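Me: Please take a close look at one helix of this model and then follow the argument outward to other parts of the chain. I should like each term to be given with its cut-offs.

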Amino acid sequence: MPAFISRLMRPFTSTSLGMTSTSPILSPDGASKATIAAGCFWGVEHMYRKEFGGKGLYDARVGYIGGDAKNPSYRAVCAGNTGHAEALQVTYDPNKITYRQLLEFLYRMHDPTTVNSQGPDRGPQYRSGIFYHNDEQKSIAEEVTQLVNEKWWKGKVVTEILPAGEWWDAEAYHQKYLEVNPGGYECPSHFLRNFGSLD
């Protein structure tokens, strides 16, 4: 079965289909929030939890952002009709993790040079994006994107930098998907690149 078909079918055949809503994202006083998109959100969440878990990451949620439909479902987003991107939202301790670190990791762990796709996954829901929550994040996103475009990706970066609009948590069965479903689909373009320092 082709990967994209198994990716669509697996959530609907899994025994872990918790259709209940998710609880609010953990966000203690002083926490900062970052929202990014880099293709299939299962692998993006898994990689961020693995990299930053226990190092200042409070929580991570997969969901939908950048569209115009209210309360979109996974099936509607996968059909490419809502305008949303599959995305990751994290809360973190800014005294332990910087926003710049989160963005540099983004540019190491996915391919930001493909328009509306990531690996074999095709459609606007798989676009590369940074959704900033304030002017400082916007400035850092623009600076980091310019640097990685020049030094790492040979001028081919197509990542969107947009204000964070309304966020919708994905269905409960998508949260920590690869932790609950070991061996589940992971986009083959999600791996850490060995780039040099941006400094």
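Reply:
**Helix H2 and beyond**

The buried residues of H2 are Phe41, Trp42, Gly43, Val44, Glu45, Met47, Tyr48 and Phe52. Here buried means under 20% relative accessible area, exposed over 50%, and partly exposed in between, with a 1.4 Å probe and protein chains only. Helices (H or I, at least four residues) and strands (E, at least two) are DSSP runs numbered from the N terminus. The model is predicted: local features need pLDDT of at least 70 and side-chain atom pairs pLDDT 80 or more, whereas totals for chains, interfaces and linings use all residues. Residues are numbered from 1 along each chain as its sequence is written, and side-chain values use heavy atoms, without hydrogens or water.

H2 comprises residues 41–52, and its 12 residues reach 16 Å from first C-alpha to last, close to the expected 16 Å. The expected span is 1.5 Å times one less than the number of residues. Just after H2, Gly54 has a positive phi of about 75 degrees.

Two residues of H2 also belong to an aromatic cluster: ring pairs link Phe41 and Trp42 with Tyr64, Tyr74 and Tyr177. Rings of Phe, Tyr and Trp (its six-membered ring) pair if their centres lie within 6.5 Å; planes under 30 degrees apart are stacked, over 60 edge-to-face, and the rest tilted. By this rule there are nine aromatic pairs. One of them, Trp152 with Phe195, is stacked, at 4.7 Å centre to centre and 15 degrees between the planes. This pair links distant parts of the chain, 43 residues apart: Trp152 lies in the loop between H5 and E7, and Phe195 in the segment after helix H6 (177–180). Trp152 is buried at 7% relative accessible area, whereas Phe195 is partly exposed at 22%.

The loop that holds Trp152 follows H5, which merits the same treatment. The 17 residues of H5 (135–151) should span 24 Å at 1.5 Å a residue, and the end C-alpha atoms are indeed 24 Å apart. Its buried residues are Gln137, Ile140, Ala141, Val144, Thr145, Leu147 and Val148. They lie on the same side of H5, because they cover an arc of only 165 degrees around the axis, taken from the directions from the helix axis to the C-beta atoms. The face turned away from this buried side carries the exposed residues Asp135 and Glu150. Among the elements that cover the buried residues, by contact (heavy atoms within 4.5 Å), are strand E1 (32–38), strand E3 (85–92) and H4.

The backbone also departs from the common pattern in two loops. Most residues other than glycine have a negative phi. Asn71, however, has a positive phi of about 45 degrees; it lies in the loop between strand E2 (57–65) and helix H3 (74–78) and is exposed at 58% relative accessibility. Asn116, with phi near 50 degrees, lies in the loop between helix H4 (99–109) and strand E4 (117–118) and is partly exposed at 32%.

Finally, the structure holds zero disulfides, a disulfide being a pair of cysteine sulfur atoms within 2.5 Å. For Cys78, the nearest cysteine sulfur, that of Cys40, is 8.3 Å away; Cys78 is buried at 16% relative accessibility. For Cys187, the nearest cysteine sulfur is also that of Cys40, at 7.0 Å, and Cys187 is buried at 2%.
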